[in-house]
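Please find below a colleague's note, set out as numbered points. It may be read alongside the structure shown here.

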Amino acid sequence: MHRLMIVDDSKLIRQRIAREYDADTFELIGTAENGADAIDLFEQSSPDVVTMDLTMPKLDGIDCIEQLISRDPSTKILVISALNDTSIGIEALEKGAMGFITKPFSGADLKAALKEIIDD
């Protein structure tokens, strides 16, 4: 069972991911609405998989990815963002993210992307 943390400033997106992830494979250990809260939650609960928005207040997704990976390089991060900017996606991958899907996404897209990063 993989420990999942959801990070997104949109409550609707957090709820949607929480409804649509594969509960047979993942245990949801918490959600955060910004990067700063994500760091605190990460240190308390040690998730091994994180879904990460990029555009958030307090600490954006790119900086949060960098900080999470510096704490635990084995963390698997899936970026879920409305940004279609390829350079930002590449930067997220360079900082340590393992996958990227764009909003809006389907439940099938989410499950496939999460499966891909844990199988990688």
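**Helix packing and the sheet**

1. Helix α2 (residues 35-45) packs against helix α3 (residues 61-71) at an angle of about 15°, and their axes are 10 Å apart. Helices here are DSSP runs of H or I of at least four residues and strands are runs of E of at least two, numbered from the N terminus. Axes are lines fitted to C-alpha atoms, for helices over the stretch in contact, with angles from 0 to 180 degrees between N-to-C directions.

2. The model is predicted: local features need pLDDT of at least 70, side-chain atom pairs count only at pLDDT 80 or more, and totals for chains, interfaces and linings use all residues. Residues are numbered from 1 along each chain as its sequence is written, and side-chain values use heavy atoms, leaving out hydrogens and water.

3. Helices α2 and α3 are therefore roughly parallel to each other, a description given to angles under 35 degrees. From α2, G35, A38, I39, F42 and E43 meet C64, Q67, L68 and R71 of α3; contact means heavy atoms within 4.5 Å.

4. How are the strands of the open sheet ordered? The 5 strands follow the order β2-β1-β3-β4-β5, with parallel pairing; two strands pair if DSSP finds at least two bridges between them. At the edges, β2 (26-32) and β5 (99-102) each pair on one side only. From one strand to the next, the twist averages 20°.

5. Within this sheet, β1 (residues 2-7) and β3 (residues 49-52) pair in the parallel sense over 4 bridges. V7 has M52 in β3 as its bridge partner.

6. Helix α5 (residues 107-119) lies across β1, β2, β3, β4 (76-81) and β5, and runs at about 155° to β4.

Terms used. Parallel < 35°, antiparallel > 145°, perpendicular 65-115°, else oblique.
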